[in-house]
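Subject: Structure handover

Hello,

Here is the structure I said I would pass on. My notes on it follow below.

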Amino acid sequence: MSKSLLTSTLQRVVYALIIINKAGGLIYNRDFSSPLSKLSSNDYLVLAGTFHGIHAITRSLTPSPITTVIPRSSMTGLEVLETTNFRLTCSQTPTGVKFLLFTEPQQPNCDAIVGKLYELYADYVMKNPFYALEMPRKMKGAVRKDEGDGILAMG
């Protein structure tokens with residue numbers, strides 16, 4: 001791998017992570033390194049509710065399959081939104097929780113990153129006996145980038 005390709009790959013960044021419950025409420029948000037405008041906590045609540053509505057609308061706009069092989073519940077709404085400044089990747093879990101990942105437009109493997117975040121969420125949040133379902137989560141340093149291998153981790 002050439003040095004310039006390696007350098008350009010290492011400079012890709014994750015800007016922010018937002019987790020939304022099945023009712024559109026904000027569970028968790030975290031800015032990592034964002035050249036985008038900083039948002040207030042109220043703005044994050046509005047963003048979560050607005051995205052939830054847009055996601056529901058785009059899900060209902062998804063054409064029905066000709067055959068009944070694909071159940072309607074497995075159809076998803078908005079999955080990726082790309083602009084010149086950022087890429088928004090949305091992954092919805094079977095329980096309706098949405099993970100929104102804001103990254104640089106050229107960021108590779110966003111689906112793998114969101115999958116890893118879902119795995120960490122299931123391990124560290126959902127298995128916590130003191131966590132109340134669908135409630136906002138205050139996790140100081142909960143999602144961090146491990147400097148050694150660049151992997152996102154909880155803790």
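I begin with one side of a helix. Ile57 and Leu61 are exposed on the other side of helix 2, away from a set of buried residues made up of Tyr44, Ala48, Phe51 and His55. Seen down the axis, those buried residues fall within an arc of 70 degrees, so they line one face of helix 2. An α-helix has 3.6 residues a turn, so residues three or four places apart point the same way. The cover over the buried residues of helix 2 includes strand 1 (14–20), strand 2 (26–31), strand 4 and strand 5. The length of helix 2 is as expected: its 21 residues (residues 41–61) should span 30 Å at 1.5 Å a residue, and the end C-alpha atoms are 30 Å apart.

Please keep in mind that this is a predicted model.

Overall layout. The protein chain has three helices and seven strands, in the order α-β-β-α-β-β-β-α-β-β from the N terminus. It has 155 residues, of which 32% count as buried. Among contacts in the chain with a separation of 6 or more, 44% are between residues 24 or more positions apart. The exposed area is about 9700 Å², with 59% of it supplied by carbon and sulfur atoms.

Helix 3. This helix covers residues 110–124; its 15 residues should span 21 Å at 1.5 Å a residue, and the distance between the end C-alpha atoms, 21 Å, agrees. Cys110, Ile113, Val114, Leu117, Leu120 and Tyr121 are buried in helix 3. They sit on the same side of helix 3, because the arc they cover around the axis is only 120 degrees. Asp111 and Ala112 are exposed, on the face of helix 3 turned away from its buried side.

Aromatic pairs. The whole structure contains three aromatic pairs. One of them is Phe86 with Phe102, a tilted pair at 5.6 Å centre to centre and 50 degrees between the planes. This pair links distant parts of the chain, 16 residues apart: Phe86 is in the loop between strand 3 (80–82) and strand 4 (87–92), and Phe102 is in strand 5 (residues 98–103). Phe86 and Phe102 are both buried. Another pair, Phe99 with Tyr121, is edge-to-face, with 5.4 Å centre to centre and 85 degrees between the planes. Here the link runs from Phe99 in strand 5 to Tyr121 in helix 3, 22 residues apart. Phe99 and Tyr121 are buried as well. Phe99, Tyr118 and Tyr121 form one aromatic cluster.

Arg87. Is Arg87, at 15% relative accessibility, buried or exposed? Arg87 counts as buried, because its 15% relative accessibility is under the 20% cut-off. Arg87 is in strand 4, and its side chain reaches two backbone oxygens: that of Pro105 at 2.8 Å and that of Gln107 at 2.8 Å. Leaving out residues up to four places away in sequence, Arg87 touches Val80, Leu81, Glu82, Leu101, Phe102, Thr103, Glu104, Pro105, Gln107 and Cys110. Two residues in that list appear above: Phe102 in the tilted pair and Cys110 among the buried residues of helix 3. Between Arg87 and Cys110 there are 9.2 Å in space, C-alpha to C-alpha, for a sequence separation of 23 residues.

Regards

Definitions and conventions. Residues numbered from 1 in each chain as written. Predicted model: local features only at pLDDT ≥ 70, side-chain atom pairs only at ≥ 80, totals over all residues. Heavy atoms only, no water. Helix = DSSP H or I, 4+ residues; strand = E, 2+ residues; numbered from the N terminus. Buried < 20%, exposed > 50% of the residue type's maximum accessible area, 1.4 Å probe, protein only. Contact = heavy atoms within 4.5 Å. Areas by Shrake-Rupley, 256 points an atom, 1.4 Å probe, with all protein chains shown as cover. Expected span 1.5 Å × (residues − 1). Arc of directions from axis to C-beta. Phe/Tyr/Trp six-rings, centres within 6.5 Å; stacked < 30°, edge-to-face > 60°. Polar contact = N/O pair within 3.5 Å; in protein donor to acceptor, adjacent residues only side chain to side chain.
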